[in-house]
Amino acid sequence: MTESRTGRKQIHLAAHFPGVNATTVWSDPRSGSQIDFSSFEHLARTAERGLFDFFFLAEGLRLREHKGRIHDLDVVGRPESITVLAALAAVTDRLGLAATVNTTFNEPYELARRLATLDHLSGGRAGWNAVTSSDAFTGENFRRGGYLDRSERYTRAAEFVATARELWDSWPLGGERRRFAHDGPQFRIEGEVTVERPPQGHPVVIQAGDSDEGREFAASAADVIFTRHSTPEAGRAFYADVKGRLARYGRRPEELKVMPGVTYVLGDTEAEARERAALISRQQISPQNALLALEQVWGRDLSGHDPDGPLPEADPDPESALVQGRVRIGDPLAVAARWRALSEAKGLSTRDTVIEATGRHSFVGTPASVAAALEEHVATGAADGFILVPHLTPGGLDDFVDRVVPILQERGVFRTEYTGTTLRSHLGLPVPVWKGGTP
Ligand SMILES: Cc1cc2nc3c(=O)[nH]c(=O)nc-3n(C[C@H](O)[C@H](O)[C@H](O)COP(=O)(O)O)c2cc1C
């Protein structure tokens with residue numbers, strides 16, 4: 001646990017650049033480009049002004065399709081993360097820079113080299129969200145004609161991360177370069193690396209999968225977990241589960257930080273914040289987006305369905321391939337049953353059911369009450385910090401940094417200046433021990 005002079009557990013904060021989903025309200029006149037450098041720069045500089053631990057980019061390697069067509073209700077497309085972060089390294093000074101890059105379609109030598117380069121360029125600020133990208137649809141963009149079997153994704157991911165670390169350790173900073181040789185079931189490679197050991201030793205490794213294997217992989221190899229479990233109850237259960245797995249790997253609870261992705265809405269009063277939250281939910285879940293969400297769960301073409309009418313009578317098709325490139329969350333039949341129960345209990349239309357079921361904002365209130373709720377969440381073991389997902393690009397974090405961060409600082413739960421220069425030091429993570437003998 002990272003504690004301040006006040007003895008209170010410190011909160012870690014990260015900024016998620018809004019991605020390709022309905023969280024971002026692109027219809028808002030304040031919305032900017034998702035690809036212009038100025039958008040990335042604005043959000044990153046805001047996060048650094050707020051003394052955040054890191055800036056985070058997700059990854060999507062194929063345009064999503066819906067009913068056989070490119071899904072263009074959300075923003076379409078996503079640039080390559082490490083390139084964007086290298087440019088941001090030049091306009092920021094302390095902020096950590098984390099890229100989501102999958103372990104299924106890359107090779108350790110190439111990716112370890114790019115991450116080491118980013119770590120050098122940024123003076124020790126690189127982070128890597130190692131995802132497994134299970135999706136065969138995405139895999140069609142790569143060689144081997146498809147993708148890895150689901151059961152092998154984490155076998156490859158674990159060996160990938162271990163191999164990357166061997167490569168980072170094969171040329172100590174200022175020391176002698178050595179040959180590396182890795183001979184495992186997934187990778188059989190040998191040679192010499194072209195970049196010295198990164199300033200952080202190893203860039204920070206983040207993990208985002210939620211299955212049992214995903215959690216075990218995080219416990220064995222990750223420094224941070226990015227999770228969807230953002231309510232206090234689900235957060236505490238998840239936190240206890242993953243922290244409980246660490247001892248098996250000889251690791252202490254503070255060596256793995258749990259950071260849920262969360263949204264927030266602020267107002268001058270609680271009532272105003274609730275009103276704004278309801279309005280944002282209706283912007284996010286427009287009638288078209290409500291039908292889209294419905295079709296994602298039902299796996300059926302429901303284009304004739306009235307979003308202001310009741311839910312469809314037919315049950316979902318669990319085997320459907322209607323939606324491509326987006327993870328189907330949970331068992332569709334169970335989700336549909338939950339939605340039906342909600343709709344009946346509250347007398348909600350289709351759109352209002354979708355809003356109620358999926359449009360929840362994690363923290364809604366005045367800056368003071370949101371700050372108190374964030375502190376409570378961390379103090380009660382539901383998280384070590386938060387990856388904030390703003391609903392506007394690029395100005396969506398401005399109010400949080402201006403209004404919530406100062407209150408967190410007054411409460412003694414958030415830094416008032418950067419005390420270190422690397423992402424590892426912001427997160428309170430140890431520098432990996434050099435394992436290669438005397439450099
Ligand atoms: C919070 C969160 C964020 C994720 N972000 C990405 C992403 O940006 N790109 C990606 O390809 N997969 C992403 N994933 C998918 C996971 O890495 C993983 O492929 C997927 O969750 C399936 O693994 P699992 O069965 O362990 O959950 C994310 C998952 C979670 C839970």
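This is a short talk about the ligand site in the structure above and the residues around it.

Hi everyone, thanks for coming. Before anything else, please keep in mind that we are looking at a predicted model.

Let's start with the ligand. Which residues come nearest to the ligand? There are 16 residues around the ligand, and the nearest are Glu-59, Tyr-154, Ala-208, Asp-210 and Ser-211. If you sort the shell by class, you get five nonpolar, six polar and five charged residues. Helix α5, which runs over residues 150-168, gives the largest share of that shell, with three residues.

Now for the polar atoms. At Glu-59, a backbone N or O atom sits 2.8 Å from a nitrogen atom of the ligand. Asp-210 also uses a backbone N or O atom, and here the partner is an oxygen atom of the ligand, at 2.8 Å. With Ser-211 we turn to a side chain: one of its polar side-chain atoms is 2.6 Å from a ligand oxygen atom. How much of the ligand's accessible area does the protein cover? On its own the ligand has 620 Å² of accessible area, and the protein covers 84% of that.

Next, the annotation. In UniProt, an unreviewed entry puts the feature "binding site" at Thr-100, Tyr-154 and Ser-211. Let me take two of those in turn.

Ser-211 is in the loop that links β9 (204-207) and α6 (212-221). Setting aside neighbours within four places in sequence, Ser-211 has contacts with Arg-150 and Tyr-154. So Ser-211 touches Tyr-154, another position that carries the UniProt feature.

Then there is Thr-100, which belongs to strand β5, residues 96-102. Is Thr-100 buried or exposed? Its relative accessible area is 5%, and because the cut-off for buried is under 20%, Thr-100 counts as buried. Who are its neighbours? Not counting residues up to four places away in sequence, Thr-100 touches Phe-56, Leu-57, Ala-58, Glu-59, Ser-81, Asn-129 and Val-131. Two of these deserve a closer look. A polar atom of the Thr-100 side chain lies 2.7 Å from the backbone oxygen of Leu-57. The side chains of Thr-100 and Asn-129 are joined by a polar contact of 3.0 Å.

One last link for you: Glu-59, which Thr-100 touches, is the residue whose backbone N or O atom lies 2.8 Å from a ligand nitrogen.

Thanks, and I'm happy to take questions.

Methods
Residues numbered from 1 in each chain as written. Predicted model: local features only at pLDDT ≥ 70, side-chain atom pairs only at ≥ 80, totals over all residues. Heavy atoms only, no water. Near = heavy atom within 4 Å. Polar contact = N/O pair within 3.5 Å; in protein donor to acceptor, adjacent residues only side chain to side chain. Areas by Shrake-Rupley, 256 points an atom, 1.4 Å probe, with all protein chains shown as cover. Helix = DSSP H or I, 4+ residues; strand = E, 2+ residues; numbered from the N terminus. Nonpolar A, V, L, I, M, F, W, Y, C, P; charged D, E, K, R; others polar. UniProt positions renumbered as here; feature names shortened; annotations may be inferred. Buried < 20%, exposed > 50% of the residue type's maximum accessible area, 1.4 Å probe, protein only. Contact = heavy atoms within 4.5 Å.
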